[in-house]
Amino acid sequence: MVDQPYFDVPERSGPAAKPRRRRRIFLAWLQMSREKTRLRVAVLGITFAAVLMMVQLGIRDALFDSATLLHNSLAGEVFLLSPHSASVIAAQPFSDRRLHQTLALPEVQSASGIYVGFAQWENHRTHLARNLYVIGFNPDDRSIAIEGVERYAKAIKQADTVLFDVYSRPEFGTAEIGVDFTRQLPITTEMNPIAGSLRRVTVGGLFQLGPTFGGDANVITSDVNFRRLFPGRKKGSIDIGVIRLVPGTDVERAIRKIRAHLPADVQVLTKDEFKNVDRSYWASSKPLGYIFNLNVIMGFLVGAIIVYQILYTDVSEHLAEYATLKAIGYQDSELLKVVLQEAGLLALLGFIPAFLIASGAHLAISNATHLPIAMTPARAITVLVLTLAMCLISGALAVRRLKAADPADIFN
Amino acid sequence: MPAEPIVAVQHLSHHFGAGELRREVLLDIHLTIRRGEVVILRGPSGSGKTTLLTLIGGLRSVQQGELHVLGQALHGADGDALVRLRRHIGFIFQAHNLLRFLNVLQNVQMAAQLHDERPGWDTRAEATAMIEAVGLGGHRHSYPENLSGGQKQRVAIARALVGRPRLILADEPTASLDSRSGRDVVNLMQHLARERGTAILLVTHDSRILDIADRQLHMEDGRLVQSAGREVSHAPR
Ligand SMILES: Nc1ncnc2c1ncn2[C@@H]1O[C@H](COP(=O)(O)OP(=O)(O)OP(=O)(O)O)[C@@H](O)[C@H]1O
Ligand SMILES: [Mg+2]
């Protein structure tokens, strides 16, 4: 007796050059597609989870992006901010001397100050007062690049005249202001600035910016009017410095020069750095980021549980068949692969409709709220990866059920 | 020089359970099956026939004694070795055990593709030829649920034989068939096996098919007892 096995190899007939063929039966798909109802339920569950994750991430990103709406509208390449400012809605004033100092550098074309504050705005119809965000700037500087602001820049040179954001939340009488303004009816109401003095103001024009984290509505006025509203503010103190460079200047080099030129009591930032200040302010210091992450985790878990249930049932129902495959010589790892392939297929089948639904939902949300929400490739890929992970983790858990498939049982 | 035995069993014992519940199921079994031999194993229910079959088929680990199948020692063999061995054995079960979600061709291909490392092996062509050989050429794309019991068992035979094994282990393959299709299935199995020199170990209670055996073995309470067949030349050592 020998211990060397002598397994059969078939005698070959015909030419030896016959190409090797490795067409494998795609077991995962055949098994899944045979149970149409279960497949539909699984895909539906995954789609639901993926839509939830996509929309939550979308709204979160949109809210964080909305925090930088103003930043995007400022016409400049370099920005000055107090080192104590964690956000433009909690800006700490600093001296405009820093701004003027930069004009000494040949790279700097112009420099202008922006003032921000909060005020109570009385709805001119209902007389209910709510907080909004007030932005002041010198209309001659053209440092705010918003179409309406540019068009009505002359209007705010008149005393106690402001421009109103038509993307503001409706509670401020936004729609009525829009209608009255186009009918050329006078719109006057009361503004009661926080740490300022109550004034009657007139709406002299409209612009489009959008609600942000910090404010549900915005008004823009001239620096002169701003100081009338906030008489307590020290003269010559600004909140944001906007610097425009001579066209063609290397921004990084100019920033290094400006930093060297100014004392350390002011931050010198690129536009991206400036935007990141506010993004990270909202992402870290408020429970909002946390809530959205929680919702994403919920979607992930709901999806994972559905996929696990489906795959577990599927494996359980096919135990005899898996045992047969083991008996005729399939490795455990090959069967494991089948279950994971099923999981991967489910993920893809669920993701595609989810992508379409979420894209539609983004459009609807953006129309209804004026939040800057849109499907981005990065977010789509993030959710695809999350969906795959969700399905594969569930698959890996359901695979344990395969252990119950004992090939020794199949003769019974 | 005598041919290598396909199966060589020496002092094989097996038990289930432990302690109080320990039950001896096989006791000191000796058995040799040679190339091309058709051996029928009979015996009362619970005597250990299926257990012996699962041990020979590498579906259970050997506890005690020596077991060589196709020249490979199964006592002390690891799981991977057992899995590889199984690919070279044709299993035929009482329940056909076909995969419900695969059609006839795909079911046979599942077994055939385990051998696609063989030179010149075309899984689909091999499976198709085997299905023709069991007379189901016209049912290649049928699903098991649409086949009769006898047809399903023929598919199972095609699946068992497509890898050209030297050993077939069959456990009551006719038990769920009427006598006519039972007879057909056994004839087919015998015919195909003889053509290829495949040995068959067949467990059956069906006395109408005993005539295909070269040799009959009887099992009684876990012990093997030789009984008369057409030929009694292979007495256990
Ligand atoms: N997995 C198991 N665990 C515990 N006991 C088992 C197991 N499998 C079989 N047995 C017991 O071992 C004994 C032999 O079983 P086996 O299935 O080998 O008998 P058999 O000869 O095939 O019977 P039958 O003709 O009814 O199929 C029986 O008493 C059975 O109850
Ligand atoms: Mg049995």
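Helices (H or I, at least four residues) and strands (E, at least two) are taken as DSSP runs and numbered from the N terminus. On this basis, chain A contains 13 helices and 11 strands, and chain B has six helices and 10 strands. The model is predicted, so that local features need pLDDT of at least 70 and side-chain atom pairs count only at pLDDT 80 or more, whereas totals for chains, interfaces and linings use all residues. Residues are numbered from 1 along each chain as its sequence is written, chains are lettered from A and ligands numbered from 1 in the order in which they are written, and side-chain values use heavy atoms, with hydrogens and water left out.

The overall dimensions of chain A were compared with the globule rule, which is 2.2 Å times the number of residues to the power 0.38, the radius of gyration being taken over C-alpha atoms. Chain A has a radius of gyration of 32 Å, although a compact globule of 412 residues would have a value near 22 Å, and its C-alpha atoms fill a box of roughly 105 × 55 × 40 Å along the principal axes. For chain B the radius of gyration is 18 Å, close to the 18 Å given by the rule for 237 residues, so this chain is as compact as a globular protein of that length; the corresponding box for the C-alpha atoms of chain B is roughly 50 × 45 × 40 Å.

Burial was assigned from relative accessible area (buried under 20%, exposed over 50%, partly exposed in between, with a 1.4 Å probe and protein chains only). Buried residues make up 50% of the 412 residues in chain A and 59% of the 237 residues in chain B. A:His84, located in the loop between β1 (78-81) and β2 (94-95) of chain A, is exposed, with a relative accessible area of 64%.

A nonpolar core is defined as a set of buried Ala, Val, Leu, Ile, Met, Phe, Trp, Tyr and Cys residues joined through side-chain atoms within 4.5 Å. The largest such core has 137 residues, and B:Ile56 and B:Leu167 have the most contacts inside it; helix α2 (residues 36-66) of chain A gives the most to this core, with 15 residues. A second, separate core of 64 residues includes A:Phe79, A:Ala119, A:Leu163 and A:Val203. With contact meaning heavy atoms within 4.5 Å, and residues up to four places away in sequence not counted, B:Leu167 touches residues including B:Ile6, B:Ile56, B:His88 and B:Ala199.
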